[in-house]
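Work through the three exercises below with the sequence and the structure at hand. Each task is followed by a solution in steps.

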Amino acid sequence: MHRFYGLTAVFFLMVMGEKIFAQQLQLPPATKKVVRCYTTEVVNEYRKKHPNAETDAQFETWLSKKKQERKAQRGLVTNYTIPIIFHVISQTRTIGSGDNLTASMISEQLLQLNKDFANLSNSRYPVASNTGIQFVLAKNDTLGNTLIEPGIQRVNSTVEKWTDYTGAAWRTGYIDSIVKPGSVWPANKYFNVWIIPNITNQTANSVLLGYSTFPATSTLTGLNNSETNATAGVVVMTSTIGSVFSPYACGASYGLGKTLTHESGHFFGLRHIWGDANCGDDFCDDTPIHASSNSGVPSHPKSNSCGTPNEMFENYMDYTDDIVLNTFTSNQVDRMQTVMVYSPRRLSLASSSAGSVVVTATNQLSFINCTGLLRVPETGVNTTYPRYRDVDLTLNVEDMASGPAIVTVTTSGTAINNLHYQLMTPTLTFAAGDNFKDVKIRVFDNAEIDGDKTIMVGFNISSGTGVSSGSTAQSVTVTITDDDYQHYGSNTIPLLNEGFGTSGGNLPSGWQTSGFIVSQNNFTVGINGGAGITGQSLYITNNQITKPLNYLNSAASDAVGITPKISTAGYINPVLSFTYLCNGETNASVPVDYGQLIYSYDLISFNYLTDATGNKYNYQGVTAATNSGNIVLPKALQDTSFYILFRWINDNNSIGTNPPFLIDDVKVTATPYPIETTVSSSYSYDVRSGSAASNFKSTNNKAIVFIKNASSNLTDVTAQITQAGNGTAVLTTTGGAYLRTQKVFQVSPSIANKVSTYQASFYFTETELATWGANKLTLKILKVKDGVSLASTLTPGNSELITPTIFEDIASGYITYTGNFTGFSQFVLVSPSTTLPVTLTNFSAKPTQKNIQLSWNTELEINNRGFIVDRSLDGSNFKQIGWINGNGTTSLNLSYGYTDRFVQPGIVYYYRIRQVDINDRQAYSVVRNARIGKSDGIVLTVTPNPAKDFVNLFISGTTNKASVELINATGQKILQKNNVNAFDGIYQLPLKGSVKGTYHVVVYLPEGIYSTKIIVE
């Protein structure tokens, strides 16, 4: 008989048939649809069979009258203590194995139930109220004997011969007619709670988390509302038992213990908050009207078609995930208190003689994410700079803080605080009575291709004894998944293509076979696939030696074949396809021996693959080789890495038809990200200096520009396409009229930066450049200053021509143009014949050991008189330091250079070239900077040498003023100058009147005396 344990199973990883380890794994329910609560349906099914049963209207009329009577008598909330008995239904006698839950898990559930009923689960609503109802574990059994495990009856379903465990679940009808009557304890003394592994409805097409009986107005036959002494109580699925402090299955959607709270609400007279009708009535004035049930984790405000501006989806009587639920309202408490007074079986519970054992909790702390693993996408959720998303972790106290305490949150890992993330709550202050605190981490979105980063979040108790450290879930590892690495183009790319070969019988590299339970039926690679299958395939066999395509239908199995880890980083729209055949068995049209698809990021937690409507991919009744078709994988499998698992499940009822699950020709394909071709903008990001690569995409997630090797940090940078199109436009320069691309880029930081250097690659589609023909691979980049219209006449003063490096990916359908630039501006591709009057290229400033070498080239000169060399210490205020003659008009490629010998070590100098034509019109180059390294001492530089009327003196390696003397060959002092500043520039020492000969220039500094020889002509 097949089953797996609610949301968990024991997973055995097999390598070549050898079991190497086992661990707990999280699995979703195996049936088709999860139903949060089935109370209303069970009641309605009863009414169909019992026409005289009490109606909702009759109950509400009775309850309304009783509420008035109660208020007239006292109206206050009365405290009730109710003994509870948990009937743990399991097929195993080993406590802690499978569904046979430990007493500690039962205690955690009771603690959560009491917190919820005492309004201690952190509701934000002023109408949230304490119900006055608390629960204790029953001390005595039905004969008055003291229970070895208070509040727990363990029932082995095999011993009881309960056989309706069909399709891996118990049907509600069987539970109510066989299980409950066979295990119930007196309903007037015990609050009966049945914990059952898997629950399904009568058609077995849904998995049910729980249901409850509804209070009756009388115990007289024919007037009850489906509740009898044999059925009164609550049924919940095993996987819902837990607490916020200690979740079942590491806090899956329904693992925090709130299902029992919800069903107990029904048990004490509450209706669903939407009244089980569109905009229905739950008969509580302080709960807003809901259009219908909510699920998942909604966000406020949530309006609806009923006219309600904001729904109360935190109410326990809604269907949202456990992490959301925290509220019973005052009117709901009024209903429950009234039921406790006037409903016969409820009132008797408060005076039960079953005895009580109070479960106490500690002040220990733990994180709610008990897996310790949390994946968070880097992608920001806000559209303003800087983009970010907030991640909230909850640090819970098992009970509540017993006094004050200060907790310091710690972080470590590969992510850098204040760069990749910011810890918003570094200190948490607990006061007596607090039972949780939120830890907020702000994850910043960047454009850098820097890979996934991890944040290991822990805590230390800095002071106080109000809280203490727990033994589990003391840290959480948050993985920030990078969203910036992307491939571009439009053609589908194969990421996995496996046909399993033709011989050998071995698993292909990276593939694994496993089992959620140990069985004779397991996956293998073999040649017995039959008609329609060529060579080997992967299939279920009951004999790993002979490898027939057969399974033993009397041996329950849950086996998986696992692909290698598939990376979709940089791709979108991943698609799976494969060839398969799979027969098996159905029961009442529900598959019980069948194939299935699941996926996992880490082989620890698992998810079902579903189609667009949420239906799982189940395979059964297919005996001939069939193609699965293209299965579109969910967005959760885009830009990440994951495994696909082919799963085979069969029960052990000796019914089922071969062949079992076979797969072949497994393919996973994906599409590169597209190139942006419309007028659009990226979000704003920072660009860090160094080799970090930043990938700027439009808000449509399409490629614009790729930037790297920035020389300085830049903030709030935006990349845009300001004009778009597939054609050409006319561009006019002082050298003539030329063609340009219609597509124009602009890259701009929020604060203008004229001196930072960087490399940029601009993306084009083949279509955008088709009109250029073969010339597309010879186009140049024209960099145009911001604010300059492309319709104006462009000059060397506002434009710069760059010869780019061009990369064409014909298969993917795009071309990039890459160049090195200084400052930010507009960018456009232009015809290779485009010229400016003087086209400066490759202007550079490079330091040597003692000076800085400037070099530049021209591709074209028109009436060029020459070049002024300017220098600056701040990049803004320039002074002329040199002149280089030009070559008039020429189309030759010419090289120029200038050596700046008057530079101090350790100082950054900025340079620019001013081109001057014969009419004294000037055009400026880009700005370059350079710095020579640290000097070993004082260095004197004198030029020219030989000299005539003067000599230029420069002193490097000091910033002190000097005394300078000119000494002739006979040792006579000819000239003396005091307080000479020769370090901030050249100092001109006069020589006029000096006779020809050899002299010494002697410099007196605090560091010492230095001299050099010169010749005077």
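Two strands count as paired if DSSP finds at least two bridges between them. The model used here is predicted.

**Exercise 1.** Determine in which sense strands β66 and β67 pair, and which residue of β67 stands opposite Gly997.

Solution. Start with the strand limits: β66 covers residues 997–1005 and β67 covers residues 1008–1016. Next, take the bridges: the two strands share nine, in the antiparallel sense. Then look at the connection, which is a hairpin of two residues. Finally, locate Gly997; the residue opposite in β67 is Val1016.

**Exercise 2.** Find out how the side chain of Glu378 is placed and which backbone nitrogens this side chain reaches.

Solution. Glu378 belongs to the loop between β16 (373–377) and β17 (388–397). The residue is buried but has no salt bridge. A salt bridge would need a distance within 4 Å, whereas Lys697, the nearest side chain of opposite charge, is 7.2 Å away. Now turn to the backbone: the Glu378 side chain reaches the nitrogen of Asn446 at 2.8 Å and that of Asp483 at 3.2 Å. Residues touched by Glu378 also include Phe444, Ile480 and Thr481.

**Exercise 3.** Decide whether Gly819 is buried or exposed, and list the residues that Gly819 touches.

Solution. Place Gly819 in strand β52, residues 814–822. The relative accessibility of Gly819 is 7%, so this glycine counts as buried; the cut-off is under 20%. Beyond four places in sequence, Gly819 touches Tyr758, Gln759, Ala760, Ile781 and Ile802. As a last step, compare C-alpha positions: Gly819 and Lys780 are 39 residues apart along the chain, with 9.5 Å between these atoms.

Conventions
Residues numbered from 1 in each chain as written. Predicted model: local features only at pLDDT ≥ 70, side-chain atom pairs only at ≥ 80, totals over all residues. Heavy atoms only, no water. Helix = DSSP H or I, 4+ residues; strand = E, 2+ residues; numbered from the N terminus. Buried < 20%, exposed > 50% of the residue type's maximum accessible area, 1.4 Å probe, protein only. Lys, Arg positive; Asp, Glu negative; His and termini not counted. Polar contact = N/O pair within 3.5 Å; in protein donor to acceptor, adjacent residues only side chain to side chain. Contact = heavy atoms within 4.5 Å.
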